[in-house]
Each structure stands twice: as structure tokens, then as C-alpha cells.
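Here is a friendly walk through a protein model, from its overall make-up to a few side-chain contacts. Please keep the sequence and the 3D view open as you read.

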Amino acid sequence: MIPDTLFSTTFRLASGMLLNLKAEHLPQLPAPQPGKAYMLYAHVPFCESLCPYCSFNRFLFDERKARQYFSALREEMRMVAKRGYTFDTLYIGGGTPTIMMDELVQIIDLARDLFGVREVSCETNPNHLDERLVDLLAPRVQRLSVGVQSFDDDLLRRINRYDRFGSGKEILERVQRTAPAFNAFNIDLIFNFPGQDLASIDRDLRLALESGATQITAYPLMTSPSVRRALEKTVGTVEFSREAEMYERIVERLSSVFELSTAWTFSRKGKSLIDEYIVKSEEYVGVGSGSFSYLNGTLLVNTFSLQSYQRWVSERQAPIAGKCRFSRLDQMRYRFMMDLFGLRLDKRQWERDFGKPIEHCLPLELLAFEKAGAFAENNAEAITLTPRGRYLLVVLMREFFSSINRVRDQARRAVQSSEALRNPETRLSNAKI
């Protein structure tokens, strides 16, 4: 049994940092710091259908709006380059990045020309796994990630994916055909949907093992108030009583072929891959409507409004509409969480970065985790995690991303009614977020 005090600590770590988004237009991205490595994230907010569990900024696909958006996205990238940023890696997420392949190819090629990008990760949906995708992306994308979520036909129907993306059998066949074309091929699975049981989890894992994927990301359902309401109407009430059991089953079933790269990322043995851009680079720049940047201890949120986004970019202004400054303590908490999510915290690197040992920085957090049996080792060099500790990081990251989703809810509520999604709660003000 995990002590309530530890959950209190994890919730404070995850939720306390990101709830105070301040609406403020910043017309210029902060300049890069010399010698610091950054990652570039590009957001494509268009989808063919809207899944009820998703809290990312997304809109139903309209070709005219999408082409205008991609043009503005390329212009924002040029603005970032003029600020002096360079990036080795690019992560393209959504929405559905592959919704317009010709536009996506231009984004990737421009990123290479502007920034010297050498490694590209890109998300897609199962229905886009075809020969054209392979022809266009295999030469450009080192890691392709497909949002499978589940192979269970009943669940796919309940989360509005079956008709659009196909049956579990069809999805598996597409993955098996496509995976060999890419250096790294990831499939996303979600666990702890309402009504999901261990039998469904077992079947998803068995098919994932048969898929040919080199990486499996199995993460818990993450919600926000708007997501919970949407799920209650379509799938059921979100509960957490079986989450730990499901996570243990996932680790057990995958461990013979895969090894953990993060608390919920599994890579085939001998291939060390990490898919989370926020783990690979502590600081990153986000481009596109609804993207986030994390720079110098500040979370910057691009406007969720397509109209405001395009207008600001056309005026050569950064489309940043909100920010949240992390205190020094919260920067430490964030780093603590990210490092342990990546399964190892380097104490010597910590002291170089923060100027004092972690024991002096986060004594209460360390004590709570130690008392819960979360640390496999805690010596002068590093902290690593026990199985219980890994699950605690799953909880911590679930709550962290849920707090991010609440920020997205806050930003989405400010989108003008003409741009709102189907949910009438989004139809509020004339604010520019």
C-alpha cells in the first residue's frame, strides 16, 4: 500500500507548478542561451474526427484553413531561426501531423534547412499508414509514432475511433506492413479507460508484441475537467482503483522482449529509444497554435486561436499568449520529476546545475519517496527506482499532464466562438489565448 503522504507529495509536485497561467501576449520569443541544447516541437492541430479523451488543441479538418495554417507555421519557424535557435531534433505532434502530407514534408525540409535538424519524430494515426506515407516520410523521419490506443474493437467504437481508423485487426495489419520501413516505430497504447479490464489489456499487449514495433508507449488515461465530462458521456466515469494493477501487468507482459526507457516507454532490448521530447531535452521551443515552450524556467503557451495565431505571425510577432513562471523550487521539482521519469537522476549533474546537492534542494520530497520504498539506489552518484517507484512516477506524470490539460482547458475557453470546438463550454470570450 502506498502512503497517502506520498500521493500528497506527488500531487503537489505535479499540480502546483502549472495552474497559474497568466494571459499575456509576448511578441518575441526569449533569446537562446549560448551553449544550451534545445528541442523543437511543431504542433498540427487538425483532425478528421475529435476523440473524447484528447485535450490537445485540435480542430476538425478544413483544407483551406489547414493550408493557411501550415504557411503561418513555416513563417513562425523562420522567426524562431532569426532569434538564433538551432535544433538537432524535431518532434511533430497534433492533432494529426500527417493530415496533409505535402505540407508536412515542407515543414520537415524547412526545419532541416533552417536549424540543421538531424532527427525527426512524427505522430500519425492508423488510417494514414500506407505506401504514400512510407515513400514520403521514411527518408525524412527517424521515428514514427502511431496512436493505436487499443486494439479492442468495442473500446475503439466507444472512443469514436473504429469507424475512422478501422478495426483492431486492420490497425495491426497496417502497423505490421509499415513498421519495417522506419528506424524506430512506436505505438501508443492507453490503459485505464472506463470499462477496460485486464483481459483487454492482455490482448492489446499480445497484439502489440506481434506488431513489429520497436517501441511501445503504454500510458495511463490522462484527463482534465473537460475530458472527464466528455468521457462520461461516451465511455464512463474515470477511476483509478485498478491503474496500478494494470501498469504492473503491462510491465510483466512486455519485459521479456522490451526494456523500460522511461516509466511508461518500452524499447526492444538492445535499442535504447526515448520518445518523450520533454525527457530528451529539458528545454524546448514549441511552434504552432496551442504549442508549449519551456525556456529559462517559464512555460510559454502559444495562442489556441487560429485567427490570432495567423494574424500575429503575419505581423512578425511571436504568437505567445500566456506564460507561467516556475519558482526556483518548482524548477527543481520539475527536473526531479523529469529525471526520475527517465529512470535515473544524476546527482553530480544536479549539483552542477543547481549549485548544491539535491538533499539540500528537495529534502521533503526525497524523504517521502524513500519512506515509500521508491528508490532502488540513492548514493553519491545517482537515484534509480524500484518497481513501486516507477509506478509512482507514472502517477506523478499522469497528474502533471492532467495539470497541463487544465492549462489547455483554460486557454481553449478563451478561443472566440467562431473557432470553438463542439463543446459549448469553449465559447466564451474575445480573449486572445
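## Terms and ground rules

A residue is called buried when its relative accessible area is under 20%, exposed when it is over 50%, and partly exposed in between, using a 1.4 Å probe and protein chains only. This is a predicted model, in which local features need pLDDT of at least 70 and side-chain atom pairs count only at pLDDT 80 or more, while totals for chains, interfaces and linings use all residues. Residues are numbered from 1 along each chain as its sequence is written, and side-chain values use heavy atoms, with hydrogens and water left out.

## The protein as a whole

Let us begin with the broad view. The protein has 17 helices and 18 strands; these are DSSP runs numbered from the N terminus, with helices (H or I) of at least four residues and strands (E) of at least two. Of its 433 residues, 60% are buried.

The area that the protein exposes is about 17,200 Å², and carbon and sulfur atoms supply 48% of it; such areas come from the Shrake-Rupley method with a 1.4 Å probe, and for residues only the protein chains shown count as cover. Contacts can also be sorted by sequence distance, a contact being heavy atoms within 4.5 Å. Among those between residues at least 6 apart in sequence, 72% join residues at least 24 apart.

## A three-stranded sheet and its helix

Strands of a sheet pair through backbone hydrogen bonds, either parallel or antiparallel. Here, three strands in the order β16-β18-β17 make an open sheet with antiparallel pairing. Because β16 (344-346) and β17 (375-378) each have a single partner strand, they stand at the edges, and one side of each lacks a neighbour in the sheet. On average, neighbouring strands of this sheet are turned by 10° against each other, direction ignored.

Two strands count as paired if DSSP finds at least two bridges between them; β17 and β18 (residues 382-385) are joined by three and run antiparallel. Within that pairing, N378 stands opposite I383 in β18. Helix α14 (residues 347-354) packs on the sheet, where it touches β16, β17 and β18, and its direction makes about 50° with that of β16. For such angles, axes are lines fitted to C-alpha atoms, for helices over the stretch in contact, and the angles run from 0 to 180 degrees between N-to-C directions.

## Salt bridges

How many salt bridges does the structure hold? There are 27, each a side-chain nitrogen of Lys or Arg within 4 Å of a carboxyl oxygen of Asp or Glu. E24 takes part in a salt bridge with K22, where the closest N and O atoms are 3.6 Å apart, and in another with K323, at 3.5 Å from N to O. Since E24 belongs to strand β1 (residues 22-26) and K323 to strand β15 (residues 320-325), this second pair ties together parts that are 299 residues apart in sequence. E24 is partly exposed at 25% relative accessible area, K22 is partly exposed at 49%, and K323 is partly exposed at 26%.

K169 and E173 form a salt bridge within helix α7: their side chains meet at 2.7 Å, N to O. The two are four residues apart in α7 (residues 168-178), or about one helical turn. K169 is exposed, with 58% relative accessibility, whereas E173 is partly exposed at 31%. Elsewhere, E63, R67, R74, D102 and E103 are joined into one network by salt bridges that share partners.

## Aromatic pairs

The whole structure contains 21 aromatic pairs. Rings of Phe, Tyr and Trp (its six-membered ring) pair if their centres lie within 6.5 Å, with planes under 30 degrees apart called stacked, over 60 edge-to-face and the rest tilted. One of these pairs is Y69 with F70, edge-to-face at 6.2 Å centre to centre and 75° between the planes. Y69 is buried at 0% relative accessible area, and F70 is buried at 0%.

W264 and F401 form a tilted pair, because their planes lie at 35° with ring centres 6.1 Å apart. W264 sits in the loop between β10 (258-260) and β11 (265-268), and F401 in helix α17 (residues 387-413), so that this pair links distant parts of the chain, 137 residues apart. W264 is buried with a relative accessible area of 1%, and F401 is buried at 17%. Both belong to a cluster in which ring pairs link Y219, W264, Y294, F326, Y334, F341, F400 and F401.
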